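Subject: Structure handover

Hello,

Here is the structure I promised to pass on. Please open it beside this message, and my notes follow below.

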Amino acid sequence: MMSKPLPIKPFGLSQIYVPRDEPKVDIVFVHGLNGSPHDSWTSKTTGCFWPVDLLPDILAAQRPRILTYGYNANVTAFTDGVSRDSVVSHAETLASSLAANRSVSSAILILLYSFDISSNLGLYS
């Protein structure tokens, strides 16, 4: 069953899943170039947004708090929409956002990266 994730901002951290009990771990999904904090992790055929639709059940014992991080990753626009930010700038913004928004002091932070994984790797076909 596809669930509706919490609202996802195009830029910055978005908390998309919170367990009922105190989370033990924060998992942050960071998309790749030309990706987005939602579409990079969503099946184009089924609409499954796996960080919310699948991962919480798989990792239930770890009680994950799941977040996405969006940034201007547009590198192929033919207009003025191309990002001029550096990777270092994005990394610093992510690190400071995480430091300000961590709810679990002893949690393991896992960062995941995707170059539009659902279409480029042929997943969910």
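How many bridges join S2 to strand S3, and do they run parallel or antiparallel? Six bridges join the two, and the strands run parallel. S3 covers residues 64-70, and S2 covers residues 25-31. Keep in mind that this is a predicted model.

**Overall layout**

The protein chain has 125 residues, and 40% of them count as buried. It holds four helices and four strands. Along the sequence they follow the pattern β-β-α-α-β-α-β-α. Take the contacts between residues at least 6 apart in sequence: 77% of them join residues at least 24 apart. The accessible surface comes to about 7,500 Å². Carbon and sulfur atoms account for 59% of that surface.

**The strands around S3**

Start with S2. Seven of its seven residues are buried, so the strand is largely enclosed by the rest of the structure. Both of its faces are covered. Val25, Ile27, Phe29 and His31 sit on one side. Asp26, Val28 and Val30 sit on the other. In a regular strand, side chains alternate between the two faces of the sheet.

S3 is mostly covered as well, with seven of its seven residues buried. Pro64, Ile66, Thr68 and Gly70 point one way. Arg65, Leu67 and Tyr69 point the other way.

S3 also pairs with strand S1, residues 12-17. Five bridges join S1 to S3, and these two run antiparallel. Tyrosine 69 of S3 is a handy landmark here. Valine 30 stands opposite tyrosine 69, and leucine 13 stands opposite tyrosine 69 too.

**Aspartate 26 and arginine 63**

Aspartate 26 lies in strand S2. Is it buried or exposed? Aspartate 26 is buried, with a relative accessible area of 1%. It stands opposite arginine 65 in S3.

Arginine 63 is worth a look too. Its place is in the loop between helix H2 (55-58) and S3. It has a positive phi of about 45°, although it is not a glycine. At 26% relative accessibility, arginine 63 counts as partly exposed. How far is it from aspartate 26 in sequence and in space? The two are 37 residues apart in sequence, and 8.8 Å apart in space, C-alpha to C-alpha.

**The nonpolar cores**

In soluble globular proteins, nonpolar side chains tend to be buried together. The largest nonpolar core here has 11 residues in all. They are Ile16, Val25, Ile27, Phe29, Trp41, Cys48, Phe49, Trp50, Val52, Leu55 and Ile66. Two elements give two or more residues to this core: S2 and helix H1 (50-53). S2 gives the most, with three residues. Apart from this core lies another, of nine residues. Among them are Leu67, Tyr69, Ala73 and Leu94.

**Helix H3**

H3 runs over residues 87-101, which makes 15 residues. From its first C-alpha to its last, H3 reaches 21 Å. That is close to the 21 Å expected at 1.5 Å a residue. Which residues of H3 are buried? His90, Leu94, Ser97 and Leu98 are. Seen down the axis of H3, the buried residues fall within an arc of 100°, so they line one face of the helix. An α-helix has 3.6 residues a turn, so residues three or four places apart point the same way. The face of H3 turned away from the buried side carries exposed residues. These are Val88, Glu92, Ala99 and Ala100.

**Where to look first**

Begin at S3, with S2 parallel to it and S1 antiparallel. Then move to the core of 11 residues. Finish with the buried face of H3.

Best wishes

How values were computed. Residues are numbered from 1 along each chain as its sequence is written. This is a predicted model: local features need pLDDT of at least 70, side-chain atom pairs count only at pLDDT 80 or more; totals for chains, interfaces and linings use all residues. Side-chain values use heavy atoms; hydrogens and water are left out. The expected span of a helix is 1.5 Å times one less than its number of residues. Buried means under 20% relative accessible area, exposed over 50%, partly exposed in between (1.4 Å probe, protein chains only). The arc is that of the directions from the helix axis to the C-beta atoms. Contact means heavy atoms within 4.5 Å. Accessible areas come from the Shrake-Rupley method with a 1.4 Å probe; for residues, only the protein chains shown count as cover. Two strands pair if DSSP finds at least two bridges between them. A nonpolar core is a set of buried Ala, Val, Leu, Ile, Met, Phe, Trp, Tyr and Cys residues joined through side-chain atoms within 4.5 Å.
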